[in-house]
Amino acid sequence: MKEALSNILYNALTEAKKKGELKIKDEPLIVLEIPKDETKGDVATTVAMALAASEKKKPRDIAEIIVKHIKDEAGIIDKIDIAGPGFINFLLKNEYYHQILKQIDKEGKDYGSVDIGKGEKVQVEFVSANPTGPLHVGHGRGAAVGDALSNLLAAAGYDVTREFYINDAGRQVRLLAESSYCSCMGKPIPADGYHGAYIDEIAASAKTVISDIKKRIYAGPIDDKGAAAASQAISLNFPNVSFEESEAFFAWHSKKCLLEEIRKDLEDFGVRFDNWFSEQSLLNDSSVKKSIEELKERGFAYEKDDALWLRSTAFGDDKDRVVIKKDGSYTYLATDIAYHRNKLSRGFKSLINIWGADHHGYIPRVQAVIQAFGHPKDTLHVLLVQLVAVLRQGKPVPMSKRAGDFVTLREVVQEVGSDAARFFFLMRRSDSHLDFDLELAKKQSSENPVYYVQYAHARLCSVERQAEERGIKIPDADSVDFGLLKLPEERNMMKQLALYPITIEGAARALEPHRITFYLQNLAGLLHNYYFHHRIIIDDKPLTDARLVLMKGVRQVIKNALGILGISAPEKM
């Protein structure tokens with residue numbers, strides 16, 4: 001639908017320009033959308049309103065010019081109307097929707113994929129939690145958004161890399177190491193250190209490693225010479241080794257334990273990364289120093305008050321930012337500068353960072369970094385993820401005993417399952433607050449949106465099994481008379497199936513995977529209503545064949561859309 005109507009509109013604009021009726025200096029982006037009022041048509045475009053400023057004409061006058069030059073050589077348009085200030089509404093022929101059913105039957109799992117990305121390299125960086133504790137539900141929402149967005153962009157023709165940035169350098173990691181050391185040695189954990197069951201687990205694991213070290217110098221996959229030296233020190237001095245002697249070991253071991261836990265939680269949630277990038281590696285290979293030197297050469301870093309500053313105000317930030325403090329230590333921004341320079345050096349044309357909402361003020365700084373290295377501001381897109389309130393029948397859920405001050409992702413997934421958790425996390429825009437009711441997520445009824453959608457798929461699988469049991473083979477779509485599908489409910493379902501590629505494209509352009517959950521709920525609602533009122537397998541074989549192919553198309557699109565969200569499509573429920 002999108003391609004066919006876009007071509008028709010582009011041809012009309014070209015003709016209007018040739019006739020001198022429109023100027024059209026730059027080719028406009030054709031945006032197609034679904035009218036809220038179905039009586040207005042199947043699809044509408046706002047192109048006339050988009051051209052109003054440059055053409056210096058009323059949108060409605062532009063719309064009339066465009067419509068005058070429309071030639072429907074594809075034969076898909078039944079009626080065209082101009083509505084409101086300049087919407088151009090199209091009512092499509094039933095035969096067009098019949099072709100959609102044939103297309104779904106032919107393309108199967110690939111139906112809905114578009115190629116707006118044309119292989120452009122995109123990096124999506126998400127979760128990126130400090131390896132200092134378990135993942136909480138906020139991380140879970142970010143993981144669901146990042147993974148679904150990556151799937152969505154891949155379906156839209158982009159070459160997507162998923163990356164987890166490990167914040168494994170700095171004060172937080174040192175506190176974690178010291179807390180683990182103190183727990184292991186039976187000493188009081190510092191007041192500003194890490195407390196909770198997971199610290200004791202890390203310490204217990206460290207004791208096991210230390211016991212082995214007492215017998216032989218640790219020969220495992222340790223990351224750096226400092227950790228190896230600490231291992232040797234422990235082997236010689238245990239149990240009286242000081243934290244200073246063993247800091248490298250406890251830092252390495254604590255990060256290792258928690259990263260393994262984070263990986264496991266994410267894998268159980270259906271999220272896998274192409275790359276795990278270490279912040280510490282930027283310090284180890286002097287990337288931070290080299291990046292700062294390059295900014296100096298470009299004139300965007302300067303010294304003032306015994307500190308080094310990024311000239312971020314040159315790119316719209318409200319003030320310049322410190323990169324190296326008076327004591328010579330790096331700020332958080334310093335490693336972020338090196339990290340984003342590294343991203344750009346890997347050839348990504350677009351960078352998408354998914355951050356917690358509390359990082360809103362940090363966006364202008366990183367956008368300044370992107371521009372300081374000579375790239376457009378819109379190379380970087382930042383999606384903010386708001387907090388999640390976990391409820392049980394409308395009341396807040398008590399905090400996790402293990403984590404101490406938050407509800408963990410693991411607890412939620414264990415209680416409601418990965419599918420329900422992902423769907424609920426994706427039901428709203430990522431930057432809007434989300435209430436997650438655990439009891440609702442477990443309900444097996446139409447009140448639970450993920451159950452409602454998955455049951456639609458399972459119900460259609462049941463229809464196919466019933467047909468098979470009765471010796472009825474679902475025919476090839478090319479052999480079916482779809483003209484027999486005359487019910488309004490059947491047309492509405494066909495129309496919804498035709499809108500799926502448009503939904504994918506719109507969601508990908510807007511970076512809004514939650515649109516897929518809305519689409520699925522609408523399609524599932526149409527299916528359940530139809531199933532309740534009409535039999536699919538009847539004595540009329542030609543009509544049965546047409547309905548079975550329609551149902552097969554609905555099932556395929558539900559499965560494809562659930563796949564974008566990373567949610568299973570069960571065949572039985």
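## Loop residues with positive phi

Lys118 sits in the loop that runs between α4 (94-107) and β5 (121-125). The model here is a predicted one, and in it Lys118 takes a positive phi of about 50 degrees, although Lys118 is not a glycine. As for its surroundings, Lys118 counts as exposed because its relative accessibility is 66%, and the cut-off for that label is over 50%.

Leu511 is another residue to look at in this respect. Its phi is near 55 degrees, again a positive value in a residue other than glycine. You'll find Leu511 in the loop between α18 (488-510) and α19 (514-533). Is Leu511 buried or exposed? Leu511 is buried, since its relative accessible area is 15%, and buried means under 20%.

## A three-stranded sheet

Now for some strands. β14, β13 and β15 make an open sheet, in the order β14-β13-β15, and the pairing is mixed. The edges are taken by β14 (395-396) and β15 (434-437), each of which pairs on one side only.

How do the pairings run? On one side, β13 (residues 388-392) is joined to β14 by two bridges, and these two strands run antiparallel. On the other, β13 and β15 run parallel, with four bridges joining them.

## Who faces whom

Going residue by residue helps when you have the model open. Arg392 has Lys395 of β14 as its bridge partner, while Leu391 stands opposite Pro396, also in β14. Towards β15, Val390 stands opposite Phe436.

β13 and β14 form a hairpin with two residues between the strands. In that hairpin, Gln393 takes a positive phi near 55 degrees.

Val388 belongs to strand β13 too. Val388 counts as buried because its relative accessibility is 13%, against a limit of under 20%. If you want a distance to check, take Val388 and Val407: they are 19 residues apart in sequence, and their C-alpha atoms are 9.8 Å apart in space.

## Salt bridges

How many salt bridges does the model have? The count comes to 34. One of the pairs is Glu21 with Lys68, whose closest N and O atoms are 2.7 Å apart. Glu21 lies in the loop between α1 (2-18) and β1 (32-33), and Lys68 lies in helix α3, so this pair ties together parts that are 47 residues apart in sequence. The two partners carry different labels for accessibility: Glu21 counts as partly exposed at 22% relative accessibility, whereas Lys68 is exposed, with a relative accessible area of 54%.

Asp110 and Lys109 form another salt bridge, with 3.6 Å between the closest N and O atoms. Here Asp110 is partly exposed, its relative accessible area being 42%, and Lys109 counts as exposed at 65% relative accessibility. Then there is Arg429, which forms a salt bridge with Asp431; the closest N and O atoms are 3.0 Å apart. Arg429 counts as partly exposed at 40% relative accessibility, and Asp431 is partly exposed as well, with a relative accessible area of 36%.

## A network that includes Arg392

Arg392 comes up again among the salt bridges. Which residues does it share a network with? Arg392 is linked with Glu415, Glu439 and Lys442 in a network of salt bridges. Recall that Arg392 is also the residue whose bridge partner in β14 is Lys395, so Arg392 takes part in a strand pairing, where two strands pair if DSSP finds at least two bridges between them.

## A positive patch

Finally, the surface. Lys23, Lys25, Lys56 and Lys57 form a positive patch there. One of them, Lys57, is located in the loop between α2 (47-55) and α3 (59-68). Lys57 is partly exposed, with a relative accessible area of 35%. That value lets Lys57 join the patch because patch residues need over 30% relative accessible area and no salt bridge.

Notes:
Residues numbered from 1 in each chain as written. Predicted model: local features only at pLDDT ≥ 70, side-chain atom pairs only at ≥ 80, totals over all residues. Heavy atoms only, no water. Patch = residues over 30% accessible without salt bridge, like charges linked within 9 Å, V, L, I, M, F, W, Y side chains within 5 Å. Areas by Shrake-Rupley, 256 points an atom, 1.4 Å probe, with all protein chains shown as cover. Salt bridge = Lys/Arg side-chain N within 4 Å of Asp/Glu carboxyl O. Lys, Arg positive; Asp, Glu negative; His and termini not counted. Charge placed at Lys NZ, Arg CZ, Asp CG, Glu CD. Buried < 20%, exposed > 50% of the residue type's maximum accessible area, 1.4 Å probe, protein only.
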